[in-house]
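Here are some short exercises on charged pairs and cysteines, each with a worked solution. Have the sequence and the model open as you go.

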Amino acid sequence: MASPGSGFWSFGSENGSGDSENPGTARAWCQVAQKFTGGIGNKLCALLYGDAEKPAESGGTLFNMKSLNSKKCYYLLPACDGERPTLAFLQDVMNILLQYVVKSFDRSTKVIDFHYPNELLQEYNWELADQPQNLEEILMHCQTTLKYAIKTGHPRYFNQLSTGLDMVGLAADWLTSTANTNMFTYEIAPVFVLLEYVTLKKMREIIGWPGGSGDGIFSPGGAISNMYAMMIARFKMFPEVKEKGMAAVPRLIAFTSEHSHFSLKKGAAALGIGTDSVILIKCDERGKMIPSDLERRILEAKQKGFVPFLVSATAGTTVYGAFDPLLAVADICKKYKIWMHVDAAWGGGLLMSRKHKWKLSGVERANSVTWNPHKMMGVPLQCSALLVREEGLMQNCNQMHASYLFQQDKHYDLSYDTGDKALQCGRHVDVFKLWLMWRAKGTTGFEAHVDKCLELAEYLYNIIKNREGYEMVFDGKPQHTNVCFWYIPPSLRTLEDNEERMSRLSKVAPVIKARMMEYGTTMVSYQPLGDKVNFFRMVISNPAATHQDIDFLIEEIERLGQDL
């Protein structure tokens, strides 16, 4: 494993130039990191021990890291006299993190230093041991882990719906880990509980519910938020299911589009409703649910004696970025008295934009909405909210009255004890990242973020829609930042559109993606869908990306795919 002064600690290019040949580079960047922290380690040490005992800076760390060579974790706080080694250790950790942050935005570095699983398993000893390692080795593990991590904040990482690295959000995440508390009662998380109350209310106002009325909770992700919606919709129609289970209710049917997220079926399986009870509604060529098919399938289910209980419309589908016609869906749900859920995990961020929020027209008529700020809004993972229009329903659905947590004779307003709204007992503080970013950026800052990402997607679409070697998966400008296309290598451009061509085309995107990862230059996702063979799905949610990064992606696809 590399020593702390070599390789990973340098900010030179990752193509092999200068890392180990210039030991001064590591020291220089350590000093930069020390400046980023304001020399916090030295300042804290000076406060504790006085200026006379403040150690000299060495490579940007509080102490020479070799001083930690013989020290184990039991030297750290809460050990007696553990302040100095604790400050030294955490300062070194901070320097590692800060260098990684800066490196993530450096376009001369790789998005990924790719190794196959067996290579990483053989190159390092990852096994857990009976005896403790010293702190220097622990720091090296931190370096190694980040060395092979995907730089999701890199301007050329386009692989997932959640990308980017926001500095205020990162600071908030560090703070919540330091606080290390739980979200189930006001007594142990007073500020965080209040911030969740304020933030969820603001999100409901933006959805369009009068005065921000209703309820909500932050959950471990969009899949769990969608499952909560399904669970609450079932409870609303058949409250007896909470005590008596599925045997006490008729056959329930949920409806969602054939382009919807797989979490709807997962939720149905987990809740005992069954995946066969989730009916997939046909979509048009742009991936939007067809309302007439929804109504037809509802009537079919009712004729069979089944009970339609939920329609989940999607605002921003995973692949096409399509927005279902929410107004038409709302009319159908009202007509047949069915719970309307909107999965806006991906598209909810557009509600922050005056230019683009029209794409979610009708969302205010939903009974519940999933909205993931960790996607389009760039909040660090994880940050997913379920918003519910009817206040008290979530509590009634999930509460178990645990007397050791939710005592009824506490000396404050018990409505702020939120734990009984959730399936979880332990619940991570996810709200602070969003709240602090919102304070730092304002709604207008999120709006600029969203507008920029959609503008970049339109820029990509305009470049490739008529460019030789590219075919769009569907006609027309994308509604979200999803740009779906095939790259056609020169060898396939003259072939007839037949089964052989499709078979060969299906192999193009996977090979180009593999080469991208091995070179480490960029990352973009691909997938098949229905009768369409593997195509690239480009998504943009990182405000660090620029037109030049889009140009680079196009050139890189062509460079890596020319010989296929």
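**Exercise 1: a charged pair**

The side chains of K147 and D113 come together in a salt bridge, with N and O 3.2 Å apart (a side-chain nitrogen of Lys or Arg within 4 Å of a carboxyl oxygen of Asp or Glu). This is a predicted model, where local features need pLDDT of at least 70 and side-chain atom pairs count only at pLDDT 80 or more, while totals for chains, interfaces and linings use all residues. Residues are numbered from 1 along each chain as its sequence is written, and side-chain values use heavy atoms, leaving out hydrogens and water.

Task: place K147 and D113 in the chain, then say how accessible K147 is.

Solution.
1. K147 lies in helix α5 (residues 135–147), and D113 in the loop between α3 (83–104) and α4 (117–123), 34 residues apart. Helices are DSSP runs of H or I, at least four residues, and strands runs of E, at least two, numbered from the N terminus.
2. K147 is partly exposed at 31% relative accessible area, whereas D113 is buried at 15%. Buried means under 20%, exposed over 50%, partly exposed in between (1.4 Å probe, protein chains only).

**Exercise 2: another pair**

Task: which residue forms a salt bridge with R493?

Solution.
1. The partner is E468, with the closest N and O atoms 3.6 Å apart.
2. R493 is partly exposed at 30%, and E468 is exposed at 63%.

**Exercise 3: cysteines**

Task: how many disulfides are there?

Solution.
1. The rule asks for a pair of cysteine sulfur atoms within 2.5 Å.
2. The count is zero.
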